[in-house]
Amino acid sequence: MCFSAVWPPPAPVVAALALGVQGAFSNVLLAVVDVEEDRRAGSRTLPVRRGVKVSVGVLTGPGSSLPDQDGNRLRAATESYMERFPASRVFRAVSVGPPDDPLENLTEELRSAYEHTQKIGDRVARGELPVGMLSLAAGRTYAEACIRRTAERPVAHAADLPPLAAESQAVQAALNGRGALDTSAAATLALLEPGVSEQLVGQLRAVTTTDQLLADALQAKESIALRSDMTVAWDGDNASATVLISAPEELSALRSATSRLVDIMQADSGRLRQGAGARAVVRRSEPARARTDAGRGIVRNPQPAGRRVSGGVLTSEEGLVVKAELLRNYFVDIPFSASFYRLAAQTDGWQAKAVALAVSRPSAWANPHAASEFALDAASRITQSMPHEASGWLSAAYAGLYRATLPSHRSSSLRVLIWRVLTQPWVAPSSLPFLLSGLRAGMTAVADNEDSFRAALAQYYSALVDELGHITAGSALMNLFALTEESDKAVAARTVLTHPSE
């Protein structure tokens with residue numbers, strides 16, 4: 001479907017509405033819209049700035065194609081717009097840089113945007129600032145900040161461990177009353193199966209949320225729906241512009257979760273006013289039992305599913321699945337349990353993703369033996385098929401144990417971990433380079449030196465000497481390190497040469 005129209009003032013509102021409707025219900029949309037300057041009042045709800053003539057491009061659905069005639073009209077419209085507004089932040093052309101750096105002309109803009117948000121982003125990711133701060137700094141919606149959790153973006157941190165008795169009592173007292181639904185709580189529920197989320201929301205008479213939060217969620221849904229699988233961003237580690245490519249399944253999951261978030265906030269909606277001058281709110285019959293600190297995106301109690309199990313709302317198996325789903329969506333600091341950590345990692349195909357991030361945090365190491373056993377088991381499952389993921393598990397284990405151990409016991413604890421890695425039956429010359437890479441990545445993450453590694457290797461070699469003799473043990477160790485980096489071979493050779501003679 002194609003159309004072309006010109007709206008005089010104040011019809012930009014009508015133009016925006018028409019574009020939204022056509023974009024939602026047609027497979028192909030070609031709209032060339034001239035929005036005349038409205039000198040009387042500019043609406044902030046418009047997707048264009050006041051006083052700007054804008055050309056809106058093409059939206060194509062699956063299997064759709066654009067006729068040549070319409071393509072020519074689109075190119076003419078977009079070229080005209082870019083000539084008039086070359087510095088537009090909404091839609092503009094960028095010249096390709098030289099062959100060795102095609103993104104050169106975007107470097108300064110991307111670097112500036114990265115530096116503007118880096119410090120705030122790091123503090124939000126550590127749970128020191130509310131997610132809303134990142135939303136303001138990055139110019140994104142609050143809902144998008146809540147739903148887009150990765151290792152680099154804000155994760156959800158537990159604020160109170162163990163849970164405070166007063167919190168549990170407050171939740172129980174509120175079960176028959178009215179609650180408020182924050183976007184962060186809806187984002188949590190959106191990660192779960194619909195049937196499970198309905199069980200979790202349960203017994204409140206009514207739940208309210210503001211128009212502002214609902215509008216924010218709708219805007220996030222639209223933004224993510226239009227997002228490409230290729231993004232130009234600034235690589236802080238390499239200090240250069242780069243292209244990030246999202247896997248189709250990841251992008252699909254993100255869109256699905258955002259759509260689910262909106263559905264939760266809209267479900268059974270009616271209108272309710274709370275006092276003179278108050279904003280309109282949406283009334284819902286499904287409360288958000290997964291409590292979060294409103295506006296912060298920080299899980300105040302990481303075990304809502306546990307309380308629902310004890311209350312009979314969920315079975316033990318359902319509670320395990322819920323906690324595993326939260327864990328694999330970057331809800332960290334949930335007390336370690338091998339059962340649901342294993343379930344979450346298995347669901348991720350044993351890739352070192354959200355569960356590995358949880359392992360790298362000190363809260364997972366209340367039982368060091370159990371945590372290290374889990375990390376080694378995870379690495380063993382993929383060392384042949386995806387050795388780089390095994391590297392990620394060992395990096396997380398090293399960093400987590402380092403952070404969880406007192407300085408006086410840190411060296412001995414890390415030496416035990418490295419000893420256990422070297423003595424695993426699945427360690428071979430082909431896998432050792434990846435395992436050592438993981439251990440070194442863990443050292444880098446916590447700014448540690450190699451002393452623990454050298455001590456553990458000396459202990460390992462000493463055990464080989466006791467079993468095989470000095471000459472045979474030396475050959476065995478060097479064969480094990482045959483495919484490692486030259487620096488690692490040098491450490492192994494030094495270990496052999498400096499071993500005390502019998």
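Where in the model does Trp350 lie? In this predicted model, Trp350 is found in the loop that runs between H13 and helix H14 (354-359). Its backbone is marked by a positive phi near 60°, in a residue other than glycine, and with a relative accessible area of 9% Trp350 counts as buried, because the limit for that class is under 20%. A second non-glycine residue with a positive phi is Ala239, for which the angle is near 55°. Ala239 is placed in the loop between E6 and E7, and at 52% relative accessibility Ala239 counts as exposed, because that class begins over 50%.

Another loop position, Asp333, is located between helix H12 (316-327) and helix H13 (338-347). Asp333 is buried, at a relative accessible area of 8%, and its side chain takes part in polar contacts with two other side chains, that of Arg361 at 2.8 Å and that of Ser363 at 2.7 Å.

The largest nonpolar core comprises 97 residues, of which Leu261, Tyr341, Phe374, Trp393 and Leu477 touch the most other members. The greatest contribution to this core comes from helix H16 (residues 387-404), which supplies nine residues. Apart from this core lies another, of five residues, including Leu103, Leu110, Trp234 and Ala241. For Leu261, when neighbours within four places in sequence are left aside, the contacts are with Ala143, Ile147, Thr183, Ala186, Ala187, Ala190 and Ala217.

Leu110, named above as a member of the five-residue core, is also one of the buried residues of helix H3, together with Thr117, Gly121, Val124 and Ala125. Helix H3 spans residues 107-125 and bends by about 40° at Gln118. The elements that cover its buried residues include helix H4 (131-138), strand E6 (230-235) and strand E7 (240-245). After H3 comes Gly127, a residue with a positive phi near 80°.

Among the strands, E4 (residues 178-180) and E5 run parallel and are joined by three bridges, with Arg178 standing opposite Ala206 in E5. Strand E5, which covers residues 206-210, is mostly shielded, in that four of its five residues are buried.

Two further helical positions may be described in turn. Ala445 belongs to helix H18 (residues 432-445) and, at 48% relative accessibility, counts as partly exposed, because this value falls between the limits of under 20% for buried and over 50% for exposed. Residues up to four places away in sequence being excluded, Ala445 touches Ala399 and Arg403; with Tyr398, from which Ala445 is separated by 47 residues in sequence, the C-alpha to C-alpha distance is 9.0 Å. Thr495, in turn, is situated in helix H21 (residues 486-497) and is buried, with a relative accessibility of 10%. Apart from its neighbours within four places in sequence, Thr495 is in contact with Leu457, Ala458 and Tyr461.

Conventions: Residues are numbered from 1 along each chain as its sequence is written. This is a predicted model: local features need pLDDT of at least 70, side-chain atom pairs count only at pLDDT 80 or more; totals for chains, interfaces and linings use all residues. Side-chain values use heavy atoms; hydrogens and water are left out. Helices (H or I, at least four residues) and strands (E, at least two) are DSSP runs, numbered from the N terminus. Buried means under 20% relative accessible area, exposed over 50%, partly exposed in between (1.4 Å probe, protein chains only). Contact means heavy atoms within 4.5 Å. Two strands pair if DSSP finds at least two bridges between them. The bend at a residue is the angle between axes fitted to the seven residues ending there and the seven starting there. A polar contact is a pair of N or O atoms within 3.5 Å; within protein, one must be able to donate a hydrogen and the other to accept it, and residues adjacent in sequence count only if both atoms are side-chain atoms. A nonpolar core is a set of buried Ala, Val, Leu, Ile, Met, Phe, Trp, Tyr and Cys residues joined through side-chain atoms within 4.5 Å.
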